[in-house]
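The exercises below ask the reader to work through a model step by step, with a solution after each task. Please keep the sequence and the structure in view while reading.

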Amino acid sequence: MDAAAAAPALGPAPMPERVQRRLRELTYEHTGIVIGPDKETLLVARVQKRMRKLGLASYEAYIQHFDAHPDELQQFINVITTNTTAFWREADHFDLAREQLTAWAEDGQRRFRIWCAASSTGEEPWTIGLTLSPVADQHGLDLLVLATDIDTRVLGVAKRAVYTREAVRAVPPDVRARGFEPVPEGLRVVRAVRERVRFGQLNLTRPPFPMKGPLDLIFCRNVMIYLDRPTRQRLIAECVRLLRPGGLLILGHSESALGMTDRLEVVRPSVYRVPE
Amino acid sequence: MRVKSQLTDIVGAVDEVTRIVGEISAASDEQARGVEEVTRAVTSMDQVVQNAAASAEEASGAASELAERSREMHALVRRFRLKGMPDAPPPAPELPRSGPGLRTTSSGAPLRLASSGGAAMDDLFPGEDDAAFEGF
């Protein structure tokens with residue numbers, strides 16, 4: 001390794017076209033994420049992060065390291081993915097889920113399986129758990145949430161369920177009071193909610209997924225924005241397969257299933273239902 | 001004679017109907033083209049919105065990264081003292097987001113230094129949680 005020999009420079013060196021192409025292809029092949037030619041800065045910044053950790057001075061050295069170490073692939077995936085998320089993000093979806101769950105529970109359904117497809121650092125599955133737990137407790141429901149992501153680093157963070165007080169500030173005060181307990185590093189989601197959420201690694205671009213279904217709710221929010229149309233279409237088809245009739249598919253506010261399938265009906269923008 | 005004139009009328013009427021049907025057909029074609037164009041426009045607007053959303057998330061990720069770096073730098077700089085400096089400067093403010101922030105202890109020192117090239121200790125390794133999918 002020609003480590004640490006790099007002289008300090010003002011900003012990263014430009015990435016050779018050949019390396020860019022290789023990394024774009026690798027990203028698409030393993031994550032389905034499309035990094036356009038207009039996103040060189042993003043590619044450079046994220047790969048540099050890995051190079052700094054590994055003490056590598058050149059892009060060529062990184063490519064060599066990548067080819068020689070099969071386990072670098074997961075590390076590459078972990079830096080190349082975007083993990084933006086927040087508690088109570090696009091909050092109307094959680095109100096809708098709570099209302100729908102209440103209606104289903106009042107109709108006598110007792111078993112509920114919910115999937116959060118791109119859970120990132122956990123704010124979304126914990127928001128789902130924190131929102132739906134009171135309904136589940138009140139009606140004695142068998143309710144579990146599966147949270148998945150392709151990035152193993154964020155899954156580790158999500159599973160620990162520990163957040164800074166600043167991050168938890170987005171949580172409504174009453175939920176914050178009943179849903180979190182203080183720990184030395186900040187606040188942790190309480191055990192009763194933690195027990196309802198499972199975490200696993202999943203590549204959304206490689207259906208069929210290991211779940212059998214039927215699922216009642218799928219949150220697949222703000223992940224299709226990174227994928228191309230054929231990949232989105234396959235993902236939506238797999239969601240349709242896993243949902244029970246009447247089950248809901250919830251996408252991000254800027255996403256839509258427009259023209260992707262004829263097997264979903266629109267409940268409202270970004271929310272779809274499998275017809276009964 | 002009356003029959004002949006009636007037949008002529010009918011032929012004329014049929015011609016008229018044919019002409020009208022032709023017009024309707026042309027108008028329908030035009031409408032279909034219009035609908036197609038609208039669909040294409042909506043699809044491309046949809047794509048633009050989704051690309052913009054992705055860019056916004058990426059920018060937000062970069063901002064978090066910067067916040068994390070500046071916090072680390074702050075922690076490093078705090079170690080230095082200048083003559084005549086009364087006290088240590090105040091600790092860096094808590095990060096506005098989760099993730100990076102929870103990797104520091106209450107004293108602000110990083111729990112895990114970014115030195116190893118391998119997987120982080122708290123990573124969820126691939127395959128570790130296969131049992132997670134059971135029951136789903």
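**Exercise 1. The make-up of the chains**

How many helices and how many strands does chain A have? Describe also the overall form of chain A, and set chain B beside it.

Solution. The model is a predicted one, and every value below should be read in that light. Counting the secondary structure gives eleven helices and ten strands in chain A. The next step is to consider the extent of the chain: its radius of gyration is 21 Å, close to the 19 Å that the globule rule gives for 276 residues, so chain A is as compact as a globular protein of that length. Along the principal axes, the C-alpha atoms of chain A fill a box of roughly 65 × 50 × 30 Å. Turning to burial, 46% of the 276 residues of chain A count as buried. Among the contacts in chain A with a separation of 6 or more, 73% come from residues 24 or more positions apart. For chain B, the count is one helice-type element, namely one helix, and zero strands, while buried residues make up 11% of its 136 residues.

**Exercise 2. The sheet and a helix across it**

Trace the order of the strands in the open sheet of chain A, and explain why one side of β6 and of β9 is left without a neighbour.

Solution. The open sheet has seven strands in the order β6-β2-β1-β7-β8-β10-β9 (chain A), and its pairing is mixed. Reading that order from end to end, β6 (197–201) and β9 (265–268) of chain A stand at the edges with a single partner strand each, so one side of each has no neighbour in the sheet. From one strand to the next, the twist averages 20°. One pairing can then be followed in detail: strand β7 (residues 215–220) and strand β8 (residues 243–251) of chain A run parallel and are joined by five bridges, and I218(A) has L249(A) in β8(A) as its bridge partner. Finally, helix α6 (residues 123–139) of chain A lies across β1 (111–116), β2 (142–149), β6 and β7 of chain A, and runs at about 175° to β2(A).

**Exercise 3. Two helix pairs**

Classify the packing of α2(A) with α4(A): which residues make the contact? Then treat α5(A) and α6(A) in the same manner.

Solution. Two packed helices are described by the angle between their axes and the distance between the axes. For helix α2 (residues 40–54) and helix α4 (residues 72–80) of chain A, the angle is about 135° and the axes are 9 Å apart; the two helices are therefore oblique to each other. Their crossing is right-handed, and the contact is made by R46(A), K49(A) and R50(A) of α2(A) together with Q75(A), F76(A), V79(A) and I80(A) of α4(A).

For helix α5 (residues 92–106) of chain A and α6(A), the axes come within 10 Å and cross at roughly 20°; since angles under 35 degrees count as roughly parallel, α5(A) and α6(A) are therefore roughly parallel to each other. This crossing is right-handed. Among the residues that meet are F94(A), A97(A) and L101(A) in α5(A), and I128(A), L132(A) and V135(A) in α6(A).

**Exercise 4. The setting of K39(A)**

Where is K39(A) placed, and how far is K39(A) from S133(A) in space?

Solution. K39(A) is found in the loop between α1 (17–31) and α2 of chain A. With 17 other C-beta atoms within 10 Å, K39(A) is partly exposed. From C-alpha to C-alpha, K39(A) and S133(A) are 41 Å apart in space, and they are 94 residues apart in sequence.

Notes: Residues numbered from 1 in each chain as written. Chains lettered and ligands numbered in written order. Predicted model: local features only at pLDDT ≥ 70, side-chain atom pairs only at ≥ 80, totals over all residues. Pairing = 2+ DSSP bridges. Helix = DSSP H or I, 4+ residues; strand = E, 2+ residues; numbered from the N terminus. Axes fitted to C-alpha atoms, helices over the stretch in contact; angles between N-to-C directions. Contact = placed C-beta atoms within 7 Å. Rg over C-alpha atoms; globule rule 2.2 N^0.38 Å. Buried ≥ 20, exposed ≤ 12 C-beta atoms within 10 Å, placed from the backbone. Parallel < 35°, antiparallel > 145°, perpendicular 65-115°, else oblique. Left-handed = near helix turned anticlockwise from the far one by under 90°.
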